[in-house]
Amino acid sequence: MAENLADYLGTTALAVGALGAAAYGVVDGLKLVPWVDLAGFERLFSGRAAIPGRAWIGPARGTLDPLLPALVAAYGQDVMQLIKAQYRAGRSGGDLPRTLRQGVRIGFGLLPAQDIAAIAERLGLPAGLATFVADAFLRLRELRPPASGEIPRAGDGPSDEERAALARLENAIDARIDAALGLAERQYVTQTKLLAMLVALAIAFGVGLHLGAAPVVCFMVGIAAVPLAPVAKDLATALQAAVQAFRGRGG
């Protein structure tokens, strides 16, 4: 009995893994629905922001919410549609990181000093430093660039203190964007796996109960299908090798 069960372990592992692969295929098809394909987007911009991001259960803090005014100034009121399209196209591996960084820098060049100070403060800079960096940004923005061949006058460029403050703001922006994209990517993978597991459970119960299998067996097959899918072939090979080894010792 035990030997017969061992003979079928490899086939069982392959079948359960195939169910997991099928569940992933169904989830890929569901990505035609924008809400599904935007999994993790709520980690970039919360659904309660002025321009809605992605609705999500419970309060999800959008890591990039403070940068939204600068992005709107750079790309206009339809900025969220642009960002959503680039997120769906490649998330952190596509053009989105560059679009966010360039948009914030362009937007800072268009915002008044008080808005820049408010953004800097929401990024974590102390209030005094936020006001100082906003004033420095505005002063440098209004400087007339030297004409060709003209020697820049002393004092036209930023002071050491201004350079340090501006560098601190840029680091805060880059760190915020990197952290947000990392969180969104992780959330995307987690939500996709969770959805695939629900699909696998539905298929396991639908088919298993129709064939007369016990509910606990359907549940175990559905739960194991998704994590087993990437390694099903290797697991089946390992099980078959183990069975052969036991047979060799028995012989």
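## Contact of α7 with α8

In this predicted model, helix α7 contributes Leu129, Phe132, Val133, Ala136, Phe137, Arg139 and Leu140 to a contact in which the partners from α8 are Glu161, Glu162, Ala165, Leu166, Arg168 and Leu169. Sorted by character, the residues of this contact comprise nine nonpolar and four charged ones, with no polar residue among them.

The two helices, α7 at residues 127-142 and α8 at residues 160-210, have axes that come within 9 Å and cross at roughly 105°. Because angles of 65 to 115 degrees count as roughly perpendicular, α7 is described as roughly perpendicular to α8.

## Nonpolar cores

The largest nonpolar core holds 41 residues, and those touching the most other members are Leu44, Phe45, Leu100 and Phe108. Two or more residues come from each of α3 (68-75), α4 (79-90), α5 (96-108), α6 (113-122), α7 and α8, and α8 gives the most, with 10 residues.

Phe108 illustrates how parts of the chain meet: leaving aside residues up to four places away in sequence, Phe108 touches Ala70, Ile116, Ile119, Phe137, Arg141, Leu169 and Ile173. A second core, separate from the largest one, has 11 residues, including Ala200, Ala204, Ala225 and Val226.

## Annotated segment

An unreviewed UniProt entry places the feature "transmembrane region" at residues 194-225. In the model, the chain over residues 194-225 is 88% helix and 0% strand, while the C-alpha atoms at the ends of this stretch lie 12 Å apart.

Conventions: Residues are numbered from 1 along each chain as its sequence is written. This is a predicted model: local features need pLDDT of at least 70, side-chain atom pairs count only at pLDDT 80 or more; totals for chains, interfaces and linings use all residues. Side-chain values use heavy atoms; hydrogens and water are left out. Axes are lines fitted to C-alpha atoms, for helices over the stretch in contact, and angles run from 0 to 180 degrees between N-to-C directions. Helices (H or I, at least four residues) and strands (E, at least two) are DSSP runs, numbered from the N terminus. Angles under 35 degrees count as roughly parallel, over 145 as roughly antiparallel, 65 to 115 as roughly perpendicular and the rest as oblique. Contact means heavy atoms within 4.5 Å. Ala, Val, Leu, Ile, Met, Phe, Trp, Tyr, Cys and Pro count as nonpolar, Asp, Glu, Lys and Arg as charged, and the others, Gly among them, as polar. UniProt positions are given in the numbering used here, feature names are shortened, and annotations may be inferred rather than shown by experiment. A nonpolar core is a set of buried Ala, Val, Leu, Ile, Met, Phe, Trp, Tyr and Cys residues joined through side-chain atoms within 4.5 Å. Buried means under 20% relative accessible area, exposed over 50%, partly exposed in between (1.4 Å probe, protein chains only).
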